[in-house]
Amino acid sequence: MTLGGLSGRRRAAAPQALVREGDAMRKSPIHLSRRTFLSATIVASIGSVAACSSTASGDVLQKLRSGGKIRIALTQANPPWNFVDGSGAPAGYDVDVAHDLARRLGASGVEFVQASFQTFIEGVKADRFDLVISGQTITAERKQQVDFSRPYAVNGISIFVAEGNTSISSLADLTGKAVAVSAGTTQHKYATEKIQDVRVKTYDNATLGLTDLSRGNADAMLVSRFQGAYLASKNGLSVEPVGPLLESEVNGMSFQKDSAALKQAVDKAIDEMIADGTLTRISQQWLGGLDMAAELKALPAG
């Protein structure tokens, strides 16, 4: 199955297998002038941040190869890509890819960290986790702040409407409408920039947005076709995808900038997953039979 293989307006039944911060200033016996104190504080702070950044980016591979765990951030709320299963453990495409990546990098295991699209980049920069594997679309704007691996997933974005709504079938039909999106996602940016007179409604995750859509509190939602279909089926939501894919987004794993050695190791691991069939097996399990390796091989070079 390919990304374009899921048809447009139809009941959103999921494919079988798819079942995707200062210091408190205290009185001191040493009387520094305010300017001197502030200058010293600023210098110390800059030094601390620089040292932290260098250590975080330069030592990740050494930490892993010394038997440490890799800290990976994901939303844990975007099935089938990543979510929390019935046992309370993270599961999904991103989770299986994370475990396989950790093994190939020599890590002793994975420590999953719950975060959101609104906090991923700041979390990477603040060294709260080593990588983000959560369907982040690679964009020029994001690449100014973090580095990305080579692509590990492609995600088709669709318009979802309430079942039976025949008034919306294209982007042009969304002019002046209330459109739901998950906050901080590229769909949020897409809706804001490309839909005339749009009223954007933001939600913490796609489940909340699609639920509000099914209740008539939004006219449409922009979301991954796989994820929307999965959530509609799982939660019994009367929503459906309409029209062709708006775009196919290329997803990468993000980490601190200037992490050349880490990027090389992660890219090599993804290449190996594609070559030995691992990515095909994982995607077919979670994404309704989709062969993600084939989708990645079909991407334009560069």
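Of the 302 residues in the protein chain of this predicted model, 47% count as buried. The chain's accessible surface comes to about 14400 Å², and carbon and sulfur atoms account for 51% of that area. As for secondary structure, you will find 11 helices and 12 strands here.

Now to the backbone, where a few spots deserve a visit. Most residues other than glycine have a negative phi, and most peptide bonds are trans. With that in mind, which two residues are joined by a cis peptide bond? They are P79 and P80, with omega at about 5°. P80 sits in the loop between β2 (77-78) and β3 (82-84).

Two residues other than glycine have a positive phi: Q76, near 60°, and D258, near 65°. Both are found in loops, Q76 between β1 (69-74) and β2, and D258 between β12 (239-256) and α9 (260-275). β2 therefore has Q76 in the loop before it and P80 in the loop after it.

Are these two positive-phi residues buried or exposed? Q76 has a relative accessibility of 19%, and because the cut-off for buried is under 20%, Q76 counts as buried. D258, on the other hand, has a relative accessible area of 69%, so with exposed meaning over 50%, D258 is exposed.

Here are the two side by side:

| Residue | Phi | Relative accessible area |
|---|---|---|
| Q76 | near 60° | 19%, buried |
| D258 | near 65° | 69%, exposed |

How values were computed
Residues are numbered from 1 along each chain as its sequence is written. This is a predicted model: local features need pLDDT of at least 70, side-chain atom pairs count only at pLDDT 80 or more; totals for chains, interfaces and linings use all residues. Side-chain values use heavy atoms; hydrogens and water are left out. Helices (H or I, at least four residues) and strands (E, at least two) are DSSP runs, numbered from the N terminus. Buried means under 20% relative accessible area, exposed over 50%, partly exposed in between (1.4 Å probe, protein chains only). Accessible areas come from the Shrake-Rupley method with a 1.4 Å probe; for residues, only the protein chains shown count as cover.
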